[in-house]
Amino acid sequence: MKTVTLNNGVVMPQVGYGVYQVSPAECERCVSDALKVGYRMIDTAQAYHNEEGVGAAVKKSGIARDELFLVSKVWISNYGYDKAKASIDESLRRLGTDYIDLMLLHQPFCDRYGAYRALEDAYRAGKLRAIGVSNFYPDHFIDLASNVEIVPAVNQVETHVFDQQTSAQAYMKEFGTHMMAWAPLAEGRNNFFSNPVLESIGRKYGKSVAQVALRWLLQRDVIIIPKSVHVERMQQNLDIFDFELSQEDMDAIAALDTQRSLFFDHHDPEVVKMFMSWR
Ligand SMILES: NC(=O)c1ccc[n+]([C@@H]2O[C@H](COP(=O)([O-])OP(=O)(O)OC[C@H]3O[C@@H](n4cnc5c(N)ncnc54)[C@H](OP(=O)(O)O)[C@@H]3O)[C@@H](O)[C@H]2O)c1
């Protein structure tokens, strides 16, 4: 497995398995399959309500804890120092582990500074091996990264061929923060799986659209967490290390960028109001 070294020296697999929209009931089966297929990094969140399923699959797998890399996220209803601190302990309990490898703040709203201080203290206490943020686009990211003691190791943001985040990645690099892509397959939106550019590149290498798009992210130094409930797709999404896209292919994919979210714009006041209703 290819790895990246975070800004605190912690080594993290570059490819992992994400469990957003995997029901609590199905999560244990999916993560068990993912571990059998070879994934060693799992991305969950308090808001996915499936940390317990991840923990159960990890326990049953018999894989040594130090061979696994668990990622979770604090939800905004748990922001503020005291609530975030207590919620980290709850995540540890649900995951059935003494430490979480990477804990992120899920969204850039509400008392994020209080919540981040709780991450910093849990990091110092050894409960978290690395800390970071998610959905912090350049304005929020620069603000936070400039005003905390422990600079985020990772920022997990929407990143795929249609919204490539090249400028966001450049700002992260200034702080030594790694970019991690959510929805690396664009969740299939915008006819992703039948995109003609990706299809024609895939034909050259005998690879699928998904594999081409994931490989493109790897070559951009991005950490990825594709999700699938199907074992054969889990396998396919991991089988991306035996080919290399040419510069011409990379450029053709770069031209697909619309620089717009396929989901929600975190700067849109109506979107911010939506998040406030989820506190
Ligand atoms: N931080 C955040 O705010 C945030 C937001 C969204 C997601 N995430 C994280 O990022 C992870 C990935 O994002 P995502 O789940 O939203 O979307 P995604 O990984 O881009 O796409 C998942 C979709 O693609 C399908 N799929 C997967 N592999 C495929 C393949 N090889 N061929 C055809 N279809 C395939 C899946 O279907 P099947 O499952 O039916 O196979 C599913 O519908 C999440 O699971 C979560 O861990 C984080």
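A residue is taken to be near a molecule if one of its heavy atoms lies within 4 Å of that molecule. With this rule in hand, the surroundings of the ligand in this predicted model can be described. There are 27 residues around the ligand, and those that come nearest are Asp43, Leu185, Glu187, Ser228 and Arg233. Sorted by class, this shell holds 13 nonpolar residues, nine polar ones and five charged ones. Helix H9, which spans residues 231-238, supplies the largest share of the shell, with three residues.

Where does the ligand sit? Its place is the largest pocket. Several polar atoms of the protein can be found beside the ligand there. A polar side-chain atom of Asn237 is 3.0 Å from a nitrogen atom of the ligand. The backbone takes part as well: a polar backbone atom of Ala183 lies 3.1 Å from an oxygen atom of the ligand, and for Ala186 the distance between a backbone N or O atom and a ligand oxygen is 3.3 Å. Taken alone, the ligand would expose 900 Å², of which the protein buries 89%.

Ser228, one of the residues that come nearest to the ligand, deserves a second look. This serine belongs to the loop between strand S10 (223-224) and helix H9. Is Ser228 buried or exposed? Its relative accessible area is 6%, and because buried means under 20%, Ser228 counts as buried. A polar atom of the Ser228 side chain also lies 3.0 Å from the backbone nitrogen of His230.

Two residues stand out for their backbone angles. Most residues other than glycine have a negative phi. Gln21, however, has a phi near 65°, a positive value in a residue other than glycine. Gln21 is found in the loop that runs between strand S3 (17-18) and helix H1 (24-37). With a relative accessibility of 53%, Gln21 is exposed, because the cut-off for that word is over 50%. Cys110 likewise has a positive phi, near 60°, and its place is the loop between strand S6 (102-105) and helix H4 (112-124). The relative accessibility of Cys110 is 27%, so this cysteine counts as partly exposed.

Helix H1, which follows the loop of Gln21, contains Asp33. What does the side chain of Asp33 contact? It makes a polar contact, at 2.8 Å, with the side chain of Arg29. Although Asp33 has a relative accessibility of 16%, it still counts as buried, because that value is under 20%.

Finally, two further loop residues show how separation along the chain and separation in space can be read side by side. Ile100 lies in the loop between helix H3 (81-95) and strand S6. At a relative accessible area of 0%, Ile100 is buried. Its C-alpha atom is 9.9 Å from that of Ala122, a residue 22 positions away along the chain. Ser194 occupies the loop between strand S9 (178-182) and helix H7 (196-205). Its relative accessibility is 42%, so Ser194 counts as partly exposed. The C-alpha atoms of Ser194 and Met179 are separated by 26 Å, with the two residues 15 apart along the chain.

Key:
Residues are numbered from 1 along each chain as its sequence is written. This is a predicted model: local features need pLDDT of at least 70, side-chain atom pairs count only at pLDDT 80 or more; totals for chains, interfaces and linings use all residues. Side-chain values use heavy atoms; hydrogens and water are left out. A polar contact is a pair of N or O atoms within 3.5 Å; within protein, one must be able to donate a hydrogen and the other to accept it, and residues adjacent in sequence count only if both atoms are side-chain atoms. Accessible areas come from the Shrake-Rupley method with a 1.4 Å probe; for residues, only the protein chains shown count as cover. On a 1 Å grid over the protein atoms alone, a cavity is a set of points where a 1.4 Å probe fits but cannot get out, and a pocket is an open set with protein on both sides within 12 Å along at least five of seven lines; lining residues have an atom within 4 Å of a point. A molecule sits in a cavity or pocket if more than half of its atoms lie within 2 Å of its grid points. Helices (H or I, at least four residues) and strands (E, at least two) are DSSP runs, numbered from the N terminus. Ala, Val, Leu, Ile, Met, Phe, Trp, Tyr, Cys and Pro count as nonpolar, Asp, Glu, Lys and Arg as charged, and the others, Gly among them, as polar. Buried means under 20% relative accessible area, exposed over 50%, partly exposed in between (1.4 Å probe, protein chains only).
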